[in-house]
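User: I am new to this structure and would be grateful for a close look at a single part of it. Please choose one helix and describe its surroundings in a connected account.

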Amino acid sequence: MKTLASAVLLAATALTGLAGWGTPAAAAEPLTLQLKWVTQAQFAGYYVAAAKGFYKDAGLDVTIKAGGPDINPTQVIAAGGADVIVDWMPSALASREKGVPLVNIAQVFQKSGMMLTCRKDANIKDPKDFKGNTLGVWFSGNEYPFLSWMSKLGYSTSGSSPDVKVLKQGFNVDPLLQKQAACISTMTYNEYWQLIEAGMKADELTIFKYQDQGVATLEDGLYATEKGLSDPKMVEKLAKFVKASAKGWDYAAKNQAEAVKIVLENDTTGAQTEEHQTTMMQEVAKLIEGGAKGTGYLDPADFDRTVGILMSGASTPVISKKPEGAYSHAVFDAAAKL
């Protein structure tokens, strides 16, 4: 009897094996993500989700495209080069008003990391002291929060004799180090620490966080197109992506050293350092906290606040009217049900 039982078991195992051999596994669905900037801990959650197999477990084959100074995520998705992009809301809403139908499907960063960092020897102790000074500003869509802030202060930034002289800042901190500007644009997780690493001390700097000044707008969010969201299959695929990405972000925040290692492994340029990425990961983890319904939830009140700030410019508002359909909870809600 023992021999017969063994034979039956072997036969069953063989049949199961043949059945499995004849049934191909479901192919992973391809999805392309375009980042706003180069490979760094600002995007750790996506790289972690890929490295830890969270996307694979969701049935996705995700391609992560690094950004850079010559890459505009909006143009990439408009041309069909990505299914979803990381962008700042001011840039996304300005692009939407110009005809690119972007829709926010998830808001990863709940707080702004943007600052103006000034040399203390420039004697700027309050935003009212910006007048008469040269301020470094990023462009390519990153200038909108700054312009809204200056408008709120009542300062002109253009014309023959502007209240504030705007220096078109490269994506570096040289203007402050070389005293070409009294203040420059920095992020809490990146350029501020580049100044420290370059030899400046914290007590030589004065910082003005957009978040503290009441002019913070939403930064790293995930955006798809209206056309994509009109397809139920794409909504389902994006929901899988959002859920797996949130898992990646949560893991990165709790396992920062491992997340930094994963980011460095994906940096094909070799330009990033462990020291800088470790600091960046610590600061970025603070920005993703606070989603009322979990990582990636866009609070409508935060959207309205951002829109209000962007429309506040007396002469040249970033957007001329409140956008309709510029965000959707459909993907986030679908992700919550998976």
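Analyst: Before two helices are compared, one definition is needed: a helix axis here is a line fitted to the C-alpha atoms over the stretch in contact, and an angle between axes runs from 0 to 180 degrees between N-to-C directions. The model under discussion is predicted.

The part chosen is helix H5, which covers residues 89-97. Some context on the chain comes beforehand. The chain has 14 helices and 10 strands, and 48% of its 338 residues count as buried. Its C-alpha trace spans about 100 × 45 × 35 Å along the principal axes. Among contacts with a separation of 6 or more, 79% are made by residues 24 or more positions apart.

Helix H5 is largely enclosed by the rest of the structure, because 8 of its 9 residues are buried. The buried residues are Met89, Pro90, Ser91, Ala92, Leu93, Ala94, Ser95 and Arg96. After H5 comes Gly99, which has a positive phi, near 120°.

Within this helix, Leu93 deserves individual attention. Leu93 lies in H5 and has a relative accessibility of 3%, so it counts as buried, the cut-off for that class being under 20%. Leaving aside residues up to four places away in sequence, Leu93 touches Phe303, Val307, Leu310, Ile319, Pro323 and Ala326. A further link across the sequence is the pair Leu93 and Thr306: they are 213 residues apart along the chain, yet their C-alpha atoms are separated by 9.8 Å.

Several of these partners lead to helix H13, residues 300-310. The axes of H5 and H13 come within 11 Å and cross at roughly 70°. H5 is therefore roughly perpendicular to H13, since angles of 65 to 115 degrees fall in that class. The crossing in which H5 passes H13 is right-handed. On the H5 side the contact involves Met89, Pro90 and Leu93, and on the H13 side Phe303, Thr306, Val307 and Leu310. By class, the residues of this contact comprise 6 nonpolar, 1 polar and no charged.

The spacing of such contact residues can be read against helix geometry. An α-helix has 3.6 residues a turn, so residues three or four places apart point the same way.

The nonpolar cores extend the picture. The largest of them holds 66 residues, of which Tyr46, Phe130, Leu222, Phe241, Trp249 and Met281 touch the most other members. Helix H10 gives the most to this core, with 9 residues. A second, separate core has 19 residues, including Leu102, Leu218, Leu298 and Ala326. Ala326 is also one of the residues that Leu93 touches.

A second helix pair may be set beside H5 and H13. H10 (residues 232-254) packs with H12 (residues 274-287) at an angle of about 125°, with the axes 9 Å apart. This angle makes H10 oblique to H12, and H10 passes H12 in a left-handed crossing. Here Trp249, Ala252 and Ala253 in H10 meet Met281, Val284 and Ala285 in H12. The residues of this contact are 6 nonpolar, no polar and no charged.

To return to the chosen part: H5 is a largely enclosed helix that meets H13 through Met89, Pro90 and Leu93.

Definitions and conventions:
Residues are numbered from 1 along each chain as its sequence is written. This is a predicted model: local features need pLDDT of at least 70, side-chain atom pairs count only at pLDDT 80 or more; totals for chains, interfaces and linings use all residues. Side-chain values use heavy atoms; hydrogens and water are left out. Helices (H or I, at least four residues) and strands (E, at least two) are DSSP runs, numbered from the N terminus. Angles under 35 degrees count as roughly parallel, over 145 as roughly antiparallel, 65 to 115 as roughly perpendicular and the rest as oblique. A crossing is left-handed if the near helix is turned anticlockwise from the far one by less than a right angle, and right-handed if clockwise. Contact means heavy atoms within 4.5 Å. Ala, Val, Leu, Ile, Met, Phe, Trp, Tyr, Cys and Pro count as nonpolar, Asp, Glu, Lys and Arg as charged, and the others, Gly among them, as polar. Buried means under 20% relative accessible area, exposed over 50%, partly exposed in between (1.4 Å probe, protein chains only). A nonpolar core is a set of buried Ala, Val, Leu, Ile, Met, Phe, Trp, Tyr and Cys residues joined through side-chain atoms within 4.5 Å.
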